[in-house]
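Colleague: I would like to go through this model with you before I return to the bench. Could we begin with the overall picture and then turn to the metal sites?

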Amino acid sequence: MNITVVNREDRVADEVEIILYLVMEGDATPSGLDFELRPAMVSAGKITVVYGARGKQHRMLVGLGSVAGFDAERLRRAAGCAARAIGTEGYRSVAVALEVSADNLNEESFMEAWVEGWLLGRYTFDKYKQTPQQQSIERMFLISENKEPQSLNRMIARTVHRAESIMLARDWCNEPANVMTPGYLVEQVERLFAGRNVGTRIYRGEELEQFGMNGLLAVGQGSRHQPALIELTYSPNPSLPLLALVGKGMTFDMGGMNVKTGRDLSEARFDMGGACAVVGALDFLLRNESPANVVALIAIADNVPGAGALLPSSIIRYPNGLTVQVGNTDAEGRLILADALLHAQRLGAEEIIDIATLTGSIGHALGLRVAGVWGHRSCTEKLQGIGERNGDRVWPMPLVDDDESLLRSEYADLNNISSSAYGGAVAAALFLRKFIGGSVRWAHIDMANTVQASAHRGYETAGATGFGVRLLADYVMHNSSLHGEGTDL
Ligand code: BES
Ligand code: ZN
Ligand code: ZN
């Protein structure tokens with residue numbers, strides 16, 4: 001699909017099949033509309049199609065809600081709804097009249113939000129369908145007040161890249177379990193970054209043993225597919241402090257010997273949402289040529305038990321000296337993340353952000369729209385602020401020191417499950433903290449509750465959300481700019 005910014009005077013609106021008008025409660029009716037708006041038409045995300053008489057253009061109203069509280073996220077969501085409606089109706093060319101009064105968004109940010117929401121909202125994952133859904137739309141014109149609309153095209157290109165990196169994360173996360181095995185994930189990562197400005201190293205089998213990555217080896221030992229750790233280095237600015245992005249890549253979480261039960265366990269394939277977030281963020285940083293000094297560590301395993309699978313009561317020894325007794329093989333994410341956290345410090349990371357679909361408990365605490373974040377306040381506050389702006393929302397959660405005692409084991413230094421039925425997400429964060437050295441800044445994001453959407457909603461589509469790509473990428477760019485490296489942010 002081609003997206004072009006044009007000036008009103010270019011009169012392209014006359015050539016398209018349908019014109020989109022953004023309508024807001026309490027705002028003036030757009031100049032091109034010759035009828036009264038009904039209150040329902042302006043509610044956020046509401047789509048109304050007004051069919052023109054023969055020979056006349058069709059029009060679509062896109063509701064943005066009230067002027068109060070209007071922000072980029074509301075616009076992204078409305079754009080996602082509009083994109084799907086355009087797809088359903090089968091239009092090939094649209095023009096968007098972007099004339100609304102939004103005090104807190106300049107024209108560039110406004111268009112950026114619109115394009116991002118639009119592209120994400122029309123996402124489909126139908127590569128396995130005999131007749132994939134056809135995308136009808138070929139051209140979108142954005143009508144600008146700007147006399148030199150070409151100046152906005154760089155922003156459009158960057159936004160397209162951003163959306164593509166998020167959709168890449170969705171694609172990989174959506175892949176069915178018979179395709180997305182550890183080996184396949186490794187291959188895909190190698191292929192994605194081949195020939196680009198990234199150093200790639202894969203640790204498997206003996207290499208994992210050599211570095212004492214015993215969490216990965218233990219979790220993966222019962223599966224037909226061997227575990228791996230991927231290390232990707234993107235360092236165009238090596239003088240910046242090294243930041244490690246750590247992602248949980250459990251290609252299928254069947255629970256191990258503590259096997260999960262249920263009518264449909266298909267969602268266990270989304271347990272690689274953290275890995276996908278890290279890959280997508282790195283992909284975007286590269287395409288954007290952002291200044292950074294980043295190492296991405298993706299811990300990959302398959303928690304599907306065979307006869308040789310990890311047994312409860314087993315004790316894992318980590319290279320920092322800690323021993324962990326496995327109380328429950330379904331609390332496997334923390335076991336493999338521990339290896340990656342230690343490895344990040346081995347590589348000299350001064351700051352680490354890990355992101356994982358770690359606990360069901362986080363959804364009980366926060367619901368399904370906002371992920372949880374723990375760790376050093378300097379990181380968590382920044383992540384929270386960035387997420388409020390870019391849509392990947394996180395909320396700070398406490399590291400309750402006293403609760404460390406809940407991770408006590410009779411035989412080892414730690415148990416991988418808490419003895420309490422409450423606060424499981426906090427216990428998991430406390431577990432991870434045990435693997436962080438004193439001088440390292442660290443944040444942990446539990447995105448088990450935001451990895452997937454159950455239905456189309458705004459720019460989310462049913463299935464994987466791609467949560468975390470924007471959050472991590474914007475965090476890296478923000479960090480680089482704080483250290484005086486140029487960025488477009
Ligand atoms: N990957 C799951 C967490 C999860 C649950 C992600 C639901 C997405 C949706 C994790 O490995 C897990 O199984 N956690 C257990 C931990 C428990 C055994 C202490 C959980 O949350 O139930
Ligand atoms: Zn699990
Ligand atoms: Zn898991």
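Modeller: Certainly. One term comes first: a residue is called buried when its relative accessible area is under 20%. This is a predicted model, and buried residues make up 55% of the 489 residues in its chain.

Colleague: How many helices and strands does the chain have?

Modeller: The secondary structure comprises 12 helices and 19 strands.

Colleague: What radius of gyration does the chain have, and what would a compact globule have?

Modeller: The chain has a radius of gyration of 24 Å, which agrees with the value near 23 Å for a compact globule of 489 residues. Along the principal axes, the C-alpha atoms fill a box of roughly 80 × 50 × 45 Å.

Colleague: Now the metals. Which protein donors does the zinc ion (ligand 3) have?

Modeller: The donors of the zinc ion (ligand 3) are Lys248 through NZ, Asp253 and Asp271 through OD, and Glu332 through OE, at 2.0 to 2.4 Å from the ion. In sequence these residues are spaced K-x4-D-x17-D-x60-E.

Colleague: Why is the arrangement around that ion called octahedral?

Modeller: There are six donor atoms around the zinc ion (ligand 3), and they subtend angles of 77 to 173 degrees, which makes the arrangement octahedral. For six octahedral donors the ideal angles are 90 or 180 degrees.

Colleague: And which residues coordinate the zinc ion (ligand 2)?

Modeller: The zinc ion (ligand 2) is held by Asp253 (OD), Asp330 through both O and OD, and Glu332 (OE), at 2.1 to 2.2 Å. Along the chain, the donors of this ion follow the spacing D-x76-D-x1-E.

Colleague: Is the site of the zinc ion (ligand 2) octahedral or irregular?

Modeller: The site of the zinc ion (ligand 2) is irregular, with angles of 70 to 169 degrees among six donor atoms.

Colleague: How far apart are the two zinc ions, ligand 3 and ligand 2, and which residue coordinates both?

Modeller: The two ions are 3.2 Å apart, and Asp253 coordinates both. The pair Asp253 and Asp271 links distant parts of the chain: Asp253 is in strand S9 (residues 243–253), whereas Asp271, 18 residues away, is in the loop between S9 and helix H7 (273–287).

Colleague: Are these coordinating residues buried or exposed?

Modeller: Asp253 and Asp271 are buried. Glu332 is also buried, because its relative accessible area is 1%, under the 20% limit. Asp330, at 23%, is partly exposed.

Colleague: Let us change topic to open space. How much space lies in the largest pocket?

Modeller: The largest pocket holds about 1,100 Å³. It is lined by 39 residues, and those closest to its centre are Lys260, Thr359, Gly360, Ser361 and Ala448. The elements giving two or more residues to this lining are S9, helix H9 (361–366) and strand S18 (452–453).

Colleague: What classes of residue line the largest pocket?

Modeller: The lining has 14 nonpolar, 15 polar and 10 charged residues.

Colleague: How many cavities of 30 Å³ or more does the structure hold?

Modeller: It holds two. The largest cavity has a volume of about 50 Å³, and its lining has six nonpolar, five polar and one charged residues. Among the residues of that lining are Val219, Gly256, Met257, Asp302 and Thr329.

Colleague: What about the second largest cavity: what is its volume?

Modeller: The second largest cavity has a volume of about 40 Å³. Its lining includes Ala169, Cys173, Gly273, Cys276 and Phe467, and helix H3 (153–174) and H7 each give two or more residues to it. By class, the lining has seven nonpolar, three polar and no charged residues.

Colleague: One last topic, the backbone. What phi does Arg11 have?

Modeller: Arg11 has a positive phi of about 55 degrees although it is not a glycine. Most residues other than glycine have a negative phi. Arg11 lies in the loop between strand S1 (2–7) and strand S2 (18–25), and it is exposed, with a relative accessible area of 55%.

Colleague: And where does Glu289 lie?

Modeller: Glu289 lies in the loop between H7 and strand S10 (294–303). Its phi is also positive, near 50 degrees, and at 68% relative accessibility Glu289 counts as exposed.

How values were computed:
Residues are numbered from 1 along each chain as its sequence is written. Chains are lettered from A and ligands numbered from 1 in the order in which they are written. This is a predicted model: local features need pLDDT of at least 70, side-chain atom pairs count only at pLDDT 80 or more; totals for chains, interfaces and linings use all residues. Side-chain values use heavy atoms; hydrogens and water are left out. Donors are N, O and S atoms within 2.8 Å of the metal (3.2 Å for Na, K and Ca); water is not among the atoms, so sites may look incomplete. Four donors count as tetrahedral if all angles lie between 85 and 135 degrees; four count as square planar and six as octahedral if opposite donors are over 155 degrees apart and all others between 65 and 115; anything else is irregular. Helices (H or I, at least four residues) and strands (E, at least two) are DSSP runs, numbered from the N terminus. Buried means under 20% relative accessible area, exposed over 50%, partly exposed in between (1.4 Å probe, protein chains only). On a 1 Å grid over the protein atoms alone, a cavity is a set of points where a 1.4 Å probe fits but cannot get out, and a pocket is an open set with protein on both sides within 12 Å along at least five of seven lines; lining residues have an atom within 4 Å of a point. Grid points are joined across faces, edges and corners, and a volume is the space filled by probe spheres set on the points. Ala, Val, Leu, Ile, Met, Phe, Trp, Tyr, Cys and Pro count as nonpolar, Asp, Glu, Lys and Arg as charged, and the others, Gly among them, as polar. The radius of gyration is taken over C-alpha atoms; the globule rule is 2.2 Å times the number of residues to the power 0.38.
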